[in-house]
Amino acid sequence: MSPGWRLKAALAAECPLQIVGTINAYCALLAREAGFRALYLSGAGVSNAAFGLPDLALTTMTDVVEEARRITQATDSPLLVDGDTGFGGAFNIGRCVRELIRSGVAGLHLEDQVAAKRCGHRPGKKLVTVGEMQDRVKAAVDARTDPDFMIMARTDAFASEGLTGMIERASAYVEAGADAIFAEALPALTDYRALTGVMQVPVLANATEFGRTPLFELEEFRSAGIRMVLYPLTAFRAMSQAAVETYETLRAQGSQKTLIGRLQTREALYAVLSYLDYERKLDELYGPSHMTNPEEMN
């Protein structure tokens, strides 16, 4: 079963399918432990977490593919990847699709912003023509070697072209071969209903925090016909805030004593990573370890 097939199976099994953002391989393992059927690698997550850069098209296809490969090597949970605008023209888009498939990714989404893109929940976004975005979709479809690899088209048109323009664009992208639609920054459930009412493919809603879309409940998205709900950076934001508070506490108090109750234990970490299984394998290969107690590890 290919990763694309597993993503489609997850979509069939859960409605709406909750897709959770994982900025690295360890987060992917934690998300799997929590029961999520599908994972997501955000372009903003790669820029912010791996490079300390804003989400303004500053990372490359290679950067994103490498982060995706690390996740897919850690877990077989299907991974959807943010392909931004495709990292170039038709040949670049095709190469991106092939590299992601080789890396074990289940699907990607491409967006209709210009190459110098902005965050989907910021003002000033500019879009390419409908025809150019259709060409992006066609290039992606033409390049895939796994027929189940999902090609999703993201549209940021609501901000500048309204509901009618967004629906017209989404319809054109499906006509070009998109398997699903990512409707970015919609402010109301009625807007989602209007879109899903005419789409013949699944529609994804981006439930990102502090943006233009309210934090609707899962049942509300379901009632609006949404098939996938994305939480792209929720865990990253929580981790980052925890890191801020941890660093401030260490600096102010000179000890982590007051933090212990909020820290993941060594035993919990080892359980996620199957650490003891690796250690037992070492003993099997090379004889009893001189370090039999994991607590002796730093």
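Is Tyr270 buried or exposed? Select Tyr270 and see: at 11% relative accessibility, this residue counts as buried, because the cut-off for buried is under 20%. Keep in mind throughout the tour that this is a predicted model.

**Stop 1: the tyrosine pair**

With Tyr270 still selected, add Tyr275. Their ring centres are 4.2 Å apart and the planes sit at 20 degrees, so the two rings are stacked. Now click on Ser274, in the loop between α11 (266–273) and α12 (275–286). Ser274 has a positive phi of about 55 degrees, although it is not a glycine. With a relative accessible area of 33%, Ser274 is partly exposed.

**Stop 2: more aromatic rings**

The model holds three aromatic pairs. For another of them, select Phe216 and Phe221: this pair is edge-to-face, with 5.6 Å from centre to centre and 90 degrees between the planes. Both partners are buried, Phe216 with a relative accessible area of 18% and Phe221 with 1%. Add Tyr192 to the selection, and you have one aromatic cluster made of Tyr192, Phe216 and Phe221.

While you are looking at rings, go to Phe182. Arg154 lies over the face of this ring, 5.4 Å from the ring centre.

**Stop 3: the cores**

Tyr192 also leads into the largest nonpolar core, which has 56 residues; Leu100, Ile181, Tyr192 and Leu195 are those with the most contacts inside it. Colour helix α7 (residues 158–175) next, since you will find that α7 gives the most to this core, with six residues. Then centre on Leu195. Leaving aside neighbours within four places in sequence, Leu195 is in contact with Met166, Ile167, Ala170, Ile181, Ala183 and Val203. There is also a second, separate core of 16 residues, including Ala10, Leu11, Ala38 and Leu80.

**Stop 4: two crossing helices**

Show helix α3 (residues 43–51) and helix α4 (residues 61–74). Their axes come within 10 Å and cross at roughly 85 degrees, which means α3 is roughly perpendicular to α4. To see the contact, display Val46, Ala50 and Phe51 of α3 together with Asp63, Val64 and Glu67 of α4.

Stay on α4 and pick Arg70, which lies in that helix. Arg70 is partly exposed, with a relative accessible area of 43%. Draw a distance from its C-alpha to that of Ala28: the two residues are 42 apart along the chain, and the atoms are separated by 9.7 Å.

**Stop 5: three loops**

Which residues does Phe36 touch, not counting residues up to four places away in sequence? Find Phe36 in the loop between α2 (25–33) and β2 (38–41), and you will see Gln18, Val20 and Ala31 in contact with Phe36. Phe36 is partly exposed, at 25% relative accessible area. Leu17 is 19 residues away from Phe36 in sequence, yet 8.8 Å away in space, C-alpha to C-alpha.

Move on to Pro16, in the loop between α1 (3–13) and β1 (17–21). A cis peptide bond joins Cys15 and Pro16, with omega about -5 degrees.

Finish at Phe210, in the loop between β7 (203–206) and α9 (218–223). Its phi is near 60 degrees, a positive value in a residue other than glycine. At 78% relative accessibility, Phe210 counts as exposed.

Terms used:
Residues numbered from 1 in each chain as written. Predicted model: local features only at pLDDT ≥ 70, side-chain atom pairs only at ≥ 80, totals over all residues. Heavy atoms only, no water. Core = buried A, V, L, I, M, F, W, Y, C linked by side-chain atoms within 4.5 Å. Buried < 20%, exposed > 50% of the residue type's maximum accessible area, 1.4 Å probe, protein only. Helix = DSSP H or I, 4+ residues; strand = E, 2+ residues; numbered from the N terminus. Contact = heavy atoms within 4.5 Å. Phe/Tyr/Trp six-rings, centres within 6.5 Å; stacked < 30°, edge-to-face > 60°. Lys NZ or Arg CZ within 6 Å of the ring centre and 35° of its normal. Axes fitted to C-alpha atoms, helices over the stretch in contact; angles between N-to-C directions. Parallel < 35°, antiparallel > 145°, perpendicular 65-115°, else oblique.
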